[in-house]
Amino acid sequence: MKDLPTQTASTQMEENSVLKTITADRNRTNLLKKWEQNAIAYLVQRIPSWISSDMLTAIGFLGAVIIFLSFVLATYVNRNLLLLGVLGYAISWFGDSLDGRIAYYRHKERKWYGFSLDITVDWLGIMLMGLGFVVYVHDAWELVGFALVALYGWEMMTALLRYKITGKYSIDSGIMGPTEVRIIISLLLVLEVVLPDSLLYSLSLLAISLFIANIVDSKNLLALANERDAEEREKRKEKQIV
């Protein structure tokens, strides 16, 4: 029993080391950050070695395919099949959250390759989900699906520009991150099964919220860009003086 405190301390140190490794290149501000990072730290240590980061990226994209199919099946077979989308979002989170983190955990990271692949696959997945929603709805409601894809693209562009300006990459918009969005949409899918057509109005509200968040993020981005310009002007003046 005397060894128990030592073992506990050793385990805690190991967990802290894993957390530090998998979060080294990413600043998270989302509401579920603590629980999500602990879950990722737990999973990366237990995923079989034969599963690569590219395979996890493919698994994440498979989740997007399942979400698309859930909309199609709900349209032409049975509305209850929308619940497949909840499974799709869980699979999407698993692959998308772990592909880069497991590479860092195994010290096999390919920063720029992984970054490029992740952005490309994320965008393809978002378009697929938006297409599924367009299949599910009719008439003018299809514009909501278009708006969600366009607004997500705007958010992604803002994140890339922020990375260019500050050198720091963040996938969150304040307390909202991809995980929180997945959970919210999953709950909306469940609500749609219970209350038909509620998804039309709830996703419209989500689109409006995303539009407002993008406006705020863009304003903050321009402020950062202005600060960067001022810093560079100051440096040029200092060089001229020298």
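Me: In this predicted model, which residue forms a salt bridge with Arg228?
Reply: Look along helix 8, where Arg228 and its partner both sit, four residues apart, or about one turn of the helix. The closest N and O atoms of the pair are 3.0 Å apart. The partner is Glu232.

Me: Are Arg228 and Glu232 buried or partly exposed?
Reply: Arg228 comes out at 32% relative accessibility, and Glu232 at 31%. Buried would need under 20%, and exposed over 50%. So Arg228 counts as partly exposed, and Glu232 also counts as partly exposed.

Me: How many salt bridges turn up in the whole structure?
Reply: Arg228 with Glu232 is one of them. Arg79 with Glu192 is another, and so is Arg182 with Asp96. A search of the whole structure puts the total at four.

Me: How many residues apart in sequence are the parts that Arg79 and Glu192 tie together?
Reply: Start with the contact: the closest N and O atoms of this salt bridge are 3.1 Å apart. Arg79 is in the loop between helix 3 and helix 4 (84–105), while Glu192 belongs to helix 7, so the parts being tied together are separated in sequence by 113 residues.

Me: Which residue of that pair is buried, with a relative accessible area of 1%?
Reply: The cut-off for buried is under 20%. Arg79 has 31%, so Arg79 is partly exposed. The buried one is Glu192.

Me: Which helices do Arg182 and Asp96 tie together?
Reply: Their side chains meet in a salt bridge, at 3.0 Å from N to O. Both count as buried, Arg182 at 12% and Asp96 at 18%. The two positions are 86 residues apart in sequence, with Arg182 in helix 7 and Asp96 in helix 4, so the pair links helix 7 and helix 4.

Me: Which helix gives the most to the largest nonpolar core?
Reply: That core has 25 residues, and Phe71, Leu82 and Phe133 are among those with the most contacts inside it. Helix 3 (53–76), helix 5 (111–136), helix 6 (142–166), helix 7 (178–194) and helix 8 (198–241) each supply at least two. With six residues, the top contributor is helix 8.

Me: Which residues does Tyr136 contact, leaving aside its neighbours within four places in sequence?
Reply: Tyr136 is also listed among the residues with the most contacts inside the largest core. Both members of one salt bridge, Arg79 and Glu192, are on its contact list. The full set is Phe71, Ala74, Thr75, Arg79, Leu82, Glu192 and Leu199.

How values were computed. Residues numbered from 1 in each chain as written. Predicted model: local features only at pLDDT ≥ 70, side-chain atom pairs only at ≥ 80, totals over all residues. Heavy atoms only, no water. Core = buried A, V, L, I, M, F, W, Y, C linked by side-chain atoms within 4.5 Å. Buried < 20%, exposed > 50% of the residue type's maximum accessible area, 1.4 Å probe, protein only. Contact = heavy atoms within 4.5 Å.
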